[in-house]
Amino acid sequence: MLTAFGRAFRTPDLRRKLLFTLGILAIFRLGAFIPSPGVDYRNVQQCVNAADTSQGIYQLVNLFSGGALLQVSIFALGIMPYITASIIVQLLRVVIPRFQELHLEGAQGQGQLTQYTRYLTIALGLLNATTLVTLARSGQLFAGCGAAGSATPLIPQDNLVTILLLIITLTAGSGLIMWMGELVTEHGVGNGMSLLIFVAIAAMFPTSLGAILKTQGWGTFLLVMVVGLVVVALVVFVEQSQRRVPVQYAKRMIGRRTMGGTSTYIPIKVNMAGVIPVIFSSSMLYLPALLAQFATPRNSTANLPFWIEWINNYLTRGDHPIYMALYFFMTVFFTYFYVAITFDPEEVSDNMKKYGGFIPGIRAGKPTQDYLQYVISRITLPGSLYLGIVALIPLIALVLIGANQNFPFGGTSLLIVVGVGLETVKQIDAQLQQRHYEGLLR
């Protein structure tokens, strides 16, 4: 392994890409600790230490920003605006025919969709920055700490110029992160956006493990490490699992050349949806708590409506069985939903028919489409159950050992870290094989 890494750094082109990628990642992590203009860093640290930061509507954003959100740094919004914009543009292909046409046009259409994603990222960044500044000023970011006019205000100079400067800085930080991710994709190794998320999440691992060691002791810590290694191995196994549908291409005469006559396959992964269903279900479960928070009367002695009490009792605590059941079934539902949007059997069948391809034993056209739909519906079931179980691991750890919902070996964090790590290693391995006929892993 060490020899393979040495060989990678001895290759000039690959070394340049690796160093460029590491440099961008270092800048990204540095920006997570640079305070935004107008923010009192000491008061931020006091509020972070005093508040429970493992719950709340911005927990997922804080995870994807590597803790930068609760530091109110220049990269506080992290990569989340770009992720949201990418998902929205992808889902709009089903609603807006023009977006689907651009998707089918090839590189030029994809470039136009990428441009729309960039514009939407800046718009969402502006919206998120305004929301974050509002929460910081009102004291809701840290559950009552840091409000304007209090003993520890997060924004001491609470005037219009400071607020506008803070919103512009946070929005610009989101745009800068998007640009750095695209630079890594173009000039570095791996997918830039995925690597930025990977680094942000991996940076939280030492803190989470250190908290378990401090509160639970060495026995629980070692047990968590062993269980974590087993879970990681199982996740790698499932992420690499796929159903290969064989495809045969008939021979064709193009001019004087004979084309086709080859055999290949369509790889259908067990987990085709990736981590998106877990993000969807987490976001949907946060909405009732957010509505209840805004509908709660300011007078603490007033009687709360029944629906607010029900939400506060059952949908705000991750260790409650009702919350776990809803989380699991919503993850299963969104897995089917997302796979149905991203994998179109009719489009795959038409492309195969256009180039003379067919599945052995299945007629081209509608029978091929029905067969692909049958395969995808069957293989999505174990994939959705797998995602639901992995998503519940942090909640189960919350019940058993009292760990917070940022438990490292489970849920969104584990799926992203393993998925991005595997993809990046594959890319480095492919580039080494091109140059040395020997990959990174044997």
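## Exercises on a predicted model

The chain holds 18 helices and 5 strands. The structure is a predicted model.

**Exercise 1.** Find how much of the chain is buried, and what supplies its exposed area.

*Solution.* Step one: buried means under 20% relative accessible area. By that cut-off, 45% of the 442 residues of the chain count as buried. Step two: turn to the surface. The chain exposes about 23000 Å², and carbon and sulfur atoms supply 64% of this area.

**Exercise 2.** Describe the largest nonpolar core and name the helix that gives the largest share of it.

*Solution.* Start with the size: the largest nonpolar core has 65 residues. Inside this core, I79, V235, I268 and L415 have the most contacts. Next, look at where its residues come from. Helix α17, residues 366-400, contributes 11 residues, the largest share. Finally, another core of 22 residues lies apart from the largest one; V72, L135, L141 and I163 are among its members.

**Exercise 3.** Compare the length of helix α2 with the expected value, then work out how its buried residues are arranged around the axis.

*Solution.* First, the length. Helix α2 covers residues 12-31, which makes 20 residues. From first C-alpha to last, α2 reaches 29 Å, close to the 28 Å expected at 1.5 Å a residue. Second, list the buried residues of α2: L14, L18, T21, I24, L25, F28, R29 and G31. Third, consider their directions. These residues lie on the same side of α2 because they cover an arc of only 165 degrees around the axis. Last, check the other side of α2, where P12, R16 and L30 are exposed.

Conventions. Residues are numbered from 1 along each chain as its sequence is written. This is a predicted model: local features need pLDDT of at least 70, side-chain atom pairs count only at pLDDT 80 or more; totals for chains, interfaces and linings use all residues. Side-chain values use heavy atoms; hydrogens and water are left out. A nonpolar core is a set of buried Ala, Val, Leu, Ile, Met, Phe, Trp, Tyr and Cys residues joined through side-chain atoms within 4.5 Å. Buried means under 20% relative accessible area, exposed over 50%, partly exposed in between (1.4 Å probe, protein chains only). Helices (H or I, at least four residues) and strands (E, at least two) are DSSP runs, numbered from the N terminus. Accessible areas come from the Shrake-Rupley method with a 1.4 Å probe; for residues, only the protein chains shown count as cover. The expected span of a helix is 1.5 Å times one less than its number of residues. The arc is that of the directions from the helix axis to the C-beta atoms.
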